[in-house]
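This report walks through selected residues and contacts. Please look at the sequence and the model before reading on.

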Amino acid sequence: MGGKEVDVDSAVAGGGPIPPKRLFTWIDVDEHLMVLASHSLLPDWLDRADSWWDGLELSVGTDIEQTTVERWLNETFGQGSTAVRNDTLYLKLDDPRTNDFIGLPVRLEHSDSEAGYAPRRPVLRDRHITRMSGKPLDRPKCEFADGVQLVAFHSFKGGVGRTVHAVAMADAIAAQGGRVLLVDADLEAPGITWMYKSQSGSMDFCYEDLLALLHASEDGTWDSVVEFGEAYLPNQQVGRYGEHGSVSILPASRRTLLGPPRIDPAILLTPDRPQYFLTEAIAGLAARIGAEVAIVDLRAGASELSAPILLDPRVQRVFVTSLSHQSLSGTKDLVRQLMRRAPSLQGRDPASAVVVTQYRPDIHGAQLGSECAELSDILAESLQGPEGSDTDGEADALDRGVLTQPLCSPFREELLALSSTWDAVVRALNMCRVSDVLKPLLLVPPPRVVVDDPSALVEPRELRRRLAKTAFDLVYAEQGAMASADGFLVTDAMSRLIGDHRTEPPVALVIGAKGSGKTFMFAKACAARTWQQFADDSGIEGSRLDAPIVPVLESPNLDSTTNSAQVLRDSFARRLGGAEADTYQTIVDLLRRGLQTLGTDEIAWRRLWLRCLCAAAGRNDTDREPEDILADIAKLSSAVFVIDGLEDLLQTMTPVENQVALRVLLVDVVNWLRAMRGRPLGLLVFVRQDLVGRAVPQNSGQLMARFGPYALNWGQEDALRLALWVARSADALPRGAVPDVDDLSYEDVTQALIPLWGWKLGTEKSKEARSHLWVPAALGDFNNQVQARDVVLFLADAATKSLPDHGWDDRLLVPSAMRRALLSCSRQKIDAIQQENQEVGGLLVKIENNSGGVTVPFQLKDIGLKPDEAAFLIESGVFARDPDGRYWVAEIYRHGLGLGSARRARVLWR
């Protein structure tokens, strides 16, 4: 991992040249010089090097003597590599048939010209080897005509699914209403051409025609050629995409006889034509027929047939590979080579992408993750920082990480033997949902949301104020949640919990990380007062359980909890015929005395926990066993006991007594209540996930799986739904823009969020990351979890920071404000964890104290952590460890800890 680069001949290592192992011919000499040039290892006095069958020509400065050249050749090709015969310098070649000196003549040409700075063309190998060969090509001077976006599909090996994915992208864009020009540029083994020809499509104008006409153009422009192609391409459309969408096919050739291409695209790159003549002509042709996107299916391999298109940084380069070693290795080497010559500029050029195909999730899971991480590293290294960025650079690594996540297309048997016709192939691709893999690359944004009454639109600044106020009120929503059961997002976990217990009380654990909404759900349940009312408030129909909700323990962080919870306890006590229930403090004192006196006696701990339930019901009779008291309570009334705030009581799980106390509650007490006949009494324990793992180390996986359906796990899609719900609750979106959040698919959610934060972190045609991918990546940890509180805090902060910005009226959250909000959210998250979770917080303090000058990824010695501490942070989702033994930190933690990023952010890939 980490993008380590290895050249075929190992010509360079440690910053210096390694002599080649074999020099048989001038081709070996030329290859070694090219590798040196690509690593900027040619001397300043060497302007140009040209290897020929009859000699090596070196253009050098006028003051350079032959001895200087001879010394450099010996250093570069190995000592003893030169000899002077009859005043001619020779470079030694290897010949196993003789011990005589066999050499290639070296001819020096003294020149004052800066030959190394001659114009270069987008080809894999420069015509002359110069010092510029190690530098990127000159950037294009302008964008493509009419904003056309050019996408090139390429693969190092054939048979990996390159063509079918190009077709799937064209079909998906057209299905969204976009117009596509699909070019079959595989002149040696065309695929699109064959399926189009089998469809009996018109073959009047082809890619070879385009190349030949461009080659024949005398004025060095492509205008007349585009007019020529426009006359025929309307007849070369496929599919039925309605009024707006269309796919126009440019087949590879009209020839009936197989054979090599008649014209090489590189032939067009003459000095009298623009540097990127071919790509600009293809974009011009697309614009002429009204297409917004041109998709080019290229020849496989390291071929000059593909180079003029791949080496234009304005092109979206999509590399397709399987997990076979040859395909992967070749893809990695080729991508590195291409990206050295034509790197992408973040925010200006589209980021290159990799599609990994033909893998089986059940077999290749570990390999897939490792290879995707390395491929992402390679792509991110080639994506240079944004030009003129309006941020302090802290979020650039995250942007690169989101933009360069590989796409994974699993093996599908239906694609092994495709039908011959275009329509049949497209049907198979749609049946296999291949286009779903390519969604992050689709270049046509979804249609804009239609507003019911445009005249009722509110100023963006006012909408931002509404969003900021509502989100800030919700950041610590639990503090007011006891007062009202209105207005909360019903998650899938909540729906399952209530839906599974319409007629009998639940006895379950509600497990979630800090900030996942456990206390909020606890408070909303208490605000409803009864289980049936809680179900009604949640929109769950059919509940017939009118059982009181009885809080036993609650978080002391809730301002209004103590009195409100005590009201519920006293109300249940009166229902049972008593007077008042024990107070929160009395119950806490019982437990604290138990922590001091009961030690690891599990039976004693079970009785103590049961006695706490009795105390919450006003029946704490110390002369009777708590089991008997609960049996009597069950005869009088059903109830749902709820427990929250365990982390405040236990503080840390280091003492073994704390572990035993929590384990008995989570296992023994739960099992005892579930064993009661008719299950009259329920219990919900809201508990943090890391506490479960520490209290039940042997079987925590089984325990969490048992109650997994009720766990408060906020994945990426859940985070997006929460963001949409908050914006809708704030009345911050246009009327008619957001239907009921619960009824929306993932695609509908991402579209409904466009008025909130745009389709991208830039304009629709910018090369920035998609907003709905960036936000979960920014806020998520390495357990694929996004905490609800972080989402709400992010919205509040981003809305506030968006207030001064008037240049983005198409969205509420301004891109620069979103990036700055990530930084402040990260710092606040670190502060909150240090206050709320002593174990994780203590380790974060340790990292923060040692973070000066440390960049991610790092070794443990860099930050002074022990392996067991790092393992705990991995379990908590803060750290991830790669196969090279280096550690990564989730972005939501990295910024707050003051850690830098060496290359890119390690983010979750879908």
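## Trp52 and a nonpolar patch

Trp52 sits in strand β3, which covers residues 46-52. The model is predicted. With a relative accessible area of 42%, Trp52 is partly exposed, because that value falls between the 20% limit for buried and the 50% limit for exposed.

Trp52 also belongs to a nonpolar patch on the surface. The other members are Trp26, Ile27 and Trp53, and the patch measures about 490 Å².

## Salt bridges between separate parts of the chain

The structure contains 46 salt bridges. One of them joins Arg107 to Asp54, with 3.6 Å between the closest N and O atoms. Arg107 belongs to strand β7 (residues 102-110) and Asp54 to the loop between β3 and β4 (55-60), so this bridge ties together parts 53 residues apart in sequence. Arg107 is partly exposed at 33% relative accessibility, and Asp54 is partly exposed at 33%.

Glu627 and Arg607 form another salt bridge, at 3.9 Å from N to O. Here two helices are involved: Glu627 lies in α22 (residues 626-636) and Arg607 in α21 (residues 602-616), so the pair ties together parts 20 residues apart in sequence. Glu627 is buried, with a relative accessible area of 14%, whereas Arg607 is partly exposed at 38%.

## A salt bridge within one helix, and a network

Asp797 and Lys801 are both in helix α31, residues 788-802. They are 4 residues apart, about one turn of the helix. Their salt bridge has its closest N and O atoms 2.7 Å apart. Asp797 is buried, at 10% relative accessible area, while Lys801 is partly exposed, at 25%.

Elsewhere, salt bridges with shared partners connect Arg162, Asp186, Glu188, Asp297 and Arg299 into one network.

## Aromatic pairs

There are 10 aromatic pairs in the structure. In one of them, the ring centres of Phe205 and Phe228 are 5.9 Å apart and the planes meet at 45°, so the pair is described as tilted. This pair links distant parts of the chain, 23 residues apart: Phe205 is in the loop between α4 (192-198) and α5 (207-216), and Phe228 is in helix α6. Phe205 is buried at 1% relative accessibility, but Phe228 is partly exposed at 39%. Together with Tyr232, Phe205 and Phe228 form one aromatic cluster.

Phe879 and Tyr887 make up another tilted pair, with ring centres 5.8 Å apart and planes at 50°. Both rings belong to buried residues: Phe879 has a relative accessibility of 1% and Tyr887 has 7%.

## Gln236 and its surroundings

Where along the chain is Gln236 found? Gln236 is in the loop between α6 (223-230) and β10 (237-238). Its relative accessible area is 0%, so Gln236 counts as buried.

Phe205, described above as part of an aromatic pair, is also a partner of Gln236. The side chain of Gln236 reaches the backbone nitrogen of Phe205 at 2.9 Å. Leaving aside residues up to four places away in sequence, Gln236 touches Tyr196, Ser202, Met203, Asp204 and Phe205, and also Val247, Ser248, Ile249, Leu250 and Pro251.

Technical notes: Residues numbered from 1 in each chain as written. Predicted model: local features only at pLDDT ≥ 70, side-chain atom pairs only at ≥ 80, totals over all residues. Heavy atoms only, no water. Buried < 20%, exposed > 50% of the residue type's maximum accessible area, 1.4 Å probe, protein only. Polar contact = N/O pair within 3.5 Å; in protein donor to acceptor, adjacent residues only side chain to side chain. Contact = heavy atoms within 4.5 Å. Patch = residues over 30% accessible without salt bridge, like charges linked within 9 Å, V, L, I, M, F, W, Y side chains within 5 Å. Areas by Shrake-Rupley, 256 points an atom, 1.4 Å probe, with all protein chains shown as cover. Salt bridge = Lys/Arg side-chain N within 4 Å of Asp/Glu carboxyl O. Phe/Tyr/Trp six-rings, centres within 6.5 Å; stacked < 30°, edge-to-face > 60°.
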